[in-house]
Amino acid sequence: ELAAAEDIAVETIRIADDVVTPERRERRGIGGAFYVVKCAGTICEETTSLAEAAELIRHAEASVRSIGVAVSAGSLPQTGMPTFVLGDDEIEIGMGAHGEPGVERRKLMSADALAEEMTRLVVADLPFRKGDEVALMLNNLGATTMMELLIVNRRVRQILADLGIRVHRSDIGPFFTSQEMAGFSLTFVWLNPLLERWIDAPCSSLGFSQGM
């Protein structure tokens with residue numbers, strides 16, 4: 001808005017990867033924004049037109065689907081108060097990237113059962129099909145251990161293999177976090193040669209770096 005006020009050409013691209021909202025135009029962006037921003041960096045290095053870059057970034061955004069789950073709420077830095085309250089035996093499905101409440105509560109379940117349910121919802125949304133290739137991300141929402149994420153990753157990859165969907169790469173770590181929140185988001189990107197190249201391109205930043 002500040003740039004536009006100075007007559008600088010700008011484009012706004014909304015990320016809507018959260019599959020728990022039925023209408024895609026009403027969806028919010030969650031962990032899958034990581035891949036959209038990664039693609040945007042590569043695209044903007046390779047294009048000379050803002051309009052062309054925006055069109056390609058929208059193509060990338062349309063290929064990303066995610067879902068999140070929390071087993072404990074995050075807290076507000078100003079007050080230390082939780083953003084919502086969960087029972088000891090409850091999980092929250094579909095929270096926002098900054099700890100906003102989700103759309104459904106369920107009883108706590110095993111990591112395998114949770115991985116199966118979340119994978120089913122994301123696969124059905126695009127939908128992803130046998131023969132597809134995906135990038136897979138497990139995003140630590142803030143207070144989940146790497147071991148827990150690897151347990152989920154193991155089961156998600158088994159399910160995708162059974163469906164005939166190939167995993168090109170897995171990214172596991174704290175990419176989009178909410179203070180003190182225990183939980184994670186699961187993201188799949190439907191890959192084609194362009195998206196694969198944009199995601200795999202080298203980059204260097206404070207939050208994420210990768211080589212060739």
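**Sheet, cores and ring pairs in a predicted model**

In this predicted model, strands β1 and β6 run antiparallel and are joined by 8 bridges. Within this pairing, Arg65 has Phe188 of β6 standing opposite. The two strands belong to an open sheet of 6 strands, and following the order β3-β2-β1-β6-β4-β5 leads across it. The pairing in this sheet is mixed. At the edges stand β3 (104-107) and β5 (166-173); each has a single partner strand, so one side of each is left without a neighbour in the sheet. From one strand to the next, the twist averages 20 degrees.

On the other side of β1 in the sheet order comes β2. Here β1 and β2 pair in the antiparallel sense, over 2 bridges, and Ala70 finds its bridge partner in Glu92 of β2. The step from β2 to β3 is again antiparallel and is made by 4 bridges. Glu90 takes part in this step, with Lys107 in β3 as its bridge partner.

Two helices that pack on the sheet are worth following next. Helix α2, residues 33-46, touches β1, β4, β5 and β6, and its direction makes about 120 degrees with that of β4. Helix α6, residues 193-200, touches β4, β5 and β6, and its direction makes about 30 degrees with that of β5. A convenient place to look at α2 is Glu46, which lies in this helix. Glu46 is partly exposed, at a relative accessible area of 43%. Beyond its neighbours within four places in sequence, Glu46 is in contact with Arg197 and Trp198, whose numbers fall in the 193-200 range of α6. Between Glu46 and Ile13, which are 33 residues apart along the chain, the C-alpha atoms are separated by 18 Å.

The interior can be read through its nonpolar cores. The largest of them holds 23 residues, and the members that touch the most others are Val156, Leu160, Phe184, Leu186 and Phe188. Two or more residues come from each of β1 (64-72), β2 (90-93), α4 (111-125), β4 (133-140), α5 (146-163) and β6 (182-190). Helix α4 gives the most to this core, with 5 residues. A second core, separate from this one, has 18 residues, including Val36, Ala53, Ala135 and Met137.

Phe188 offers a good view of how the surroundings of one core residue are put together. Leaving aside neighbours within four places in sequence, Phe188 has contacts that include Ser63, Val64 and Arg65, as well as Thr119, Val122 and Val123. Phe128, Ala135 and Leu136 are also among the contacts of Phe188, and so are Val156 and Leu160. Of these, Val156 and Leu160 are listed together with Phe188 among the core members that touch the most others, while Ala135 is included in the second core.

Aromatic rings come next, and a search of the whole structure finds 5 aromatic pairs. In one of them, Phe34 and Tyr35 have ring centres 5.1 Å apart and planes at 65 degrees, so the pair is edge-to-face. Both partners are buried: Phe34 has a relative accessible area of 9%, and Tyr35 has one of 1%. Phe175 and Phe208 form another pair, with centres 6.1 Å apart and planes at 75 degrees, so this pair too is edge-to-face. The second pair links distant parts of the chain, 33 residues apart. Phe175 sits in the loop between β5 and β6, and Phe208 in the loop between β7 (203-204) and β8 (209-210). At 22% relative accessibility Phe175 counts as partly exposed, whereas Phe208, at 16%, is buried. Ring pairs link Phe34, Tyr35, Phe175 and Phe208 into a cluster.

The cysteines give a plainer result, as the search of the whole structure finds 0 disulfides. For Cys39, the closest cysteine sulfur is that of Cys203, and at 11 Å it is too far for a bond. Cys39 is buried, with a relative accessible area of 2%. Cys44 is in no disulfide either, and the nearest cysteine sulfur to it, that of Cys39, is 11 Å away. Unlike buried Cys39, Cys44 is partly exposed, at a relative accessible area of 47%.

Methods. Residues are numbered from 1 along each chain as its sequence is written. This is a predicted model: local features need pLDDT of at least 70, side-chain atom pairs count only at pLDDT 80 or more; totals for chains, interfaces and linings use all residues. Side-chain values use heavy atoms; hydrogens and water are left out. A nonpolar core is a set of buried Ala, Val, Leu, Ile, Met, Phe, Trp, Tyr and Cys residues joined through side-chain atoms within 4.5 Å. Buried means under 20% relative accessible area, exposed over 50%, partly exposed in between (1.4 Å probe, protein chains only). Contact means heavy atoms within 4.5 Å. Two strands pair if DSSP finds at least two bridges between them. Axes are lines fitted to C-alpha atoms, for helices over the stretch in contact, and angles run from 0 to 180 degrees between N-to-C directions. Rings of Phe, Tyr and Trp (its six-membered ring) pair if their centres lie within 6.5 Å; planes under 30 degrees apart count as stacked, over 60 as edge-to-face and the rest as tilted. A disulfide is a pair of cysteine sulfur atoms within 2.5 Å.
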